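Welcome to a short set of exercises with worked solutions. Please keep the viewer open and try each task before reading on.

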Amino acid sequence: MTPKIKIQTTAMDLWYDQFQALKAIDIAIPERAVTAFIGPSGCGKSSFLRCLNRMNDFIPAARVDGQVLLDGRNIYGAGEDVIALRRQVGMVFQRPNPFPASIWDNVAYGPRLHGITNRRTLEGIVEGSLRGAALWDEVKDKLRSPALSLSGGQQQRLCIARAIAVEPEVLLMDEPTSALDPMATARIEELVRILKEHFTVAIVTHNMQQAARISDETAFFLNGEIVETGPTQRLFTSPRDGRTEDYITGRFG
C-alpha cells in the first residue's frame with residue numbers, strides 16, 4: 001500500500017537576500033513515518049526543515065519560492081495562518097530549550113496559549129504528553145519542580161512533550177540528540193520510533209548510524225540541493241549517486 005504523502009515540495013527555493021540557500025527542492029514526505037535529512041554542515045538541511053513551518057519567516061530578507069504543500073495546501077499561500085500552521089507542525093530544536101518555569105507549566109504552555117483554561121483538561125494534557133514523551137514516570141512526583149533541574153536528556157524529552165501537547169500532525173526535529181550523551185540519545189531514538197505511530201516525523205541528523213536506525217526514508221542534501229532520496233535501507237546499501245555513497249561511507253570531500 002502506497003503511503004499517504006503528508007508534505008510535498010515542488011521547485012522550492014530559499015533565498016536569504018541575494019544568497020540562494022536551497023535550490024529546486026522536490027521531495028515527498030510520507031505520513032506517519034520518519035524521514036531523515038542527512039548531509040555535511042551548511043548543506044541546507046536545517047534551513048529546509050525550518051521552511052516546513054515557516055520558521056525562516058523570522059529571518060530578515062528570507063524568501064521562499066515554489067510550493068510547500070501540507071495535505072495539499074500551500075503553506076506559503078495568501079492568507080495562511082502561520083500560528084495555526086506552527087500548531088499543526090511542531091518543532092524540537094538541537095539543544096533542549098525548556099522555559100524557566102515548572103515542568104507542568106512547560107507542557108501546559110501551548111494548550112493555554114490556544115485557549116484551554118480548564119484545569120482538569122490541562123492536567124490530562126500534561127500527563128498524556130509526558131507519557132507520550134516517555135517522561136511521566138520520571139517526573140510525575142515533581143511536576144512543580146523547575147524544568148531546568150532536569151538532566152539534558154530529560155529536558156529534551158520535556159521539549160518533545162511540550163511540542164506534542166498541542167496535538168500537531170507533524171514533528172520537526174533538528175539534530176535533537178547532538179547535545180546528549182549516548183544513553184540519552186538511545187532514549188530519544190526509541191521515542192522517535194514510537195512517535196511515528198502518531199505523527200509524521202522529519203529529523204535532521206549528522207549521525208549516519210542514527211539515520212539508518214530510526215528513519216524510514218532518507219534525503220541526502222549537498223550544496224543546497226537534494227542529491228538523492230529514497231527508502232533508508234536502499235539508500236544506505238545501494239545508493240544511486242556516487243556522492244551519496246561517498247558521504248555515507250566517509251569518503252566524502
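A residue counts as buried when its relative accessible area is under 20%, as exposed when it is over 50%, and as partly exposed in between. Please note that this is a predicted model.

**Exercise 1. Describe the overall build of the protein chain.**

Step 1. Start with burial: 51% of the 253 residues are buried.

Step 2. Next, compare the radius of gyration with the value for a compact globule. A globule of 253 residues would have a radius near 18 Å, and the protein chain agrees because its own value is 18 Å. The C-alpha trace spans about 55 × 45 × 40 Å along its principal axes.

Step 3. Now list the secondary structure: there are ten helices and ten strands.

Step 4. Look at how the contacts are spread along the sequence. Among contacts with a separation of 6 or more, 67% join residues 24 or more positions apart.

Step 5. Finish with the surface and the charges. About 12,000 Å² is accessible, and carbon and sulfur atoms make up 50% of that area. The side chains include 29 positive and 30 negative ones, with the centres of the two sets 4 Å apart.

**Exercise 2. Work out the order of the four-stranded open sheet and find its edges.**

Step 1. Trace the strands: the order is E2-E1-E4-E5, with antiparallel pairing.

Step 2. Find the strands with a single partner. These are E2 (19-30) and E5 (73-74), so each has one side without a neighbour in the sheet.

Step 3. Zoom in on one pair. E1 (residues 5-16) and E2 run antiparallel and are joined by eight bridges. Leucine 14 has leucine 22 of E2 as its bridge partner.

Step 4. Check the backbone here for positive phi values outside glycine. Aspartate 17, in the loop between E1 and E2, has a phi of about 60°. Its relative accessible area is 47%, so aspartate 17 is partly exposed. Alanine 24 belongs to strand E2, and its phi is near 50°.

**Exercise 3. Decide whether strand E7 is enclosed or open to solvent, and name its partners.**

Step 1. Count the buried residues in E7 (residues 170-174). Five of the five are buried, so the strand is largely enclosed by the rest of the structure.

Step 2. Sort the side chains by direction. Val170, Leu172 and Asp174 point one way, while Leu171 and Met173 point the other way, and all are buried.

Step 3. Identify the partners. E7 pairs with E6 in the parallel sense over four bridges, with glycine 90 opposite leucine 171. The pairing of E7 with E8 (residues 200-204) is parallel too, over five bridges, and there methionine 173 stands opposite isoleucine 203.

**Exercise 4. Locate two loop residues, serine 102 and glycine 44, and describe their surroundings.**

Step 1. Place serine 102: it sits in the loop between strand E6 (89-92) and helix H3 (103-113). Serine 102 counts as buried because its relative accessibility is 9%.

Step 2. Leave out neighbours within four places in sequence. Serine 102 then contacts Leu143, Arg144, Ser145, Pro146 and Ala147.

Step 3. Do the same for glycine 44, found in the loop between strand E3 (34-38) and helix H1 (45-51). At 11% relative accessible area, glycine 44 is buried.

Step 4. Beyond four places in sequence, glycine 44 is in contact with Leu22 and Phe221. Glycine 44 and glutamine 20 are 24 residues apart along the chain, and their C-alpha atoms are separated by 10.0 Å.

How values were computed. Residues are numbered from 1 along each chain as its sequence is written. This is a predicted model: local features need pLDDT of at least 70, side-chain atom pairs count only at pLDDT 80 or more; totals for chains, interfaces and linings use all residues. Side-chain values use heavy atoms; hydrogens and water are left out. The radius of gyration is taken over C-alpha atoms; the globule rule is 2.2 Å times the number of residues to the power 0.38. Buried means under 20% relative accessible area, exposed over 50%, partly exposed in between (1.4 Å probe, protein chains only). Contact means heavy atoms within 4.5 Å. Accessible areas come from the Shrake-Rupley method with a 1.4 Å probe; for residues, only the protein chains shown count as cover. Lys and Arg count as positive and Asp and Glu as negative; His and the chain ends are not counted. The place of a charge is taken as NZ of Lys, CZ of Arg, CG of Asp or CD of Glu. Two strands pair if DSSP finds at least two bridges between them.
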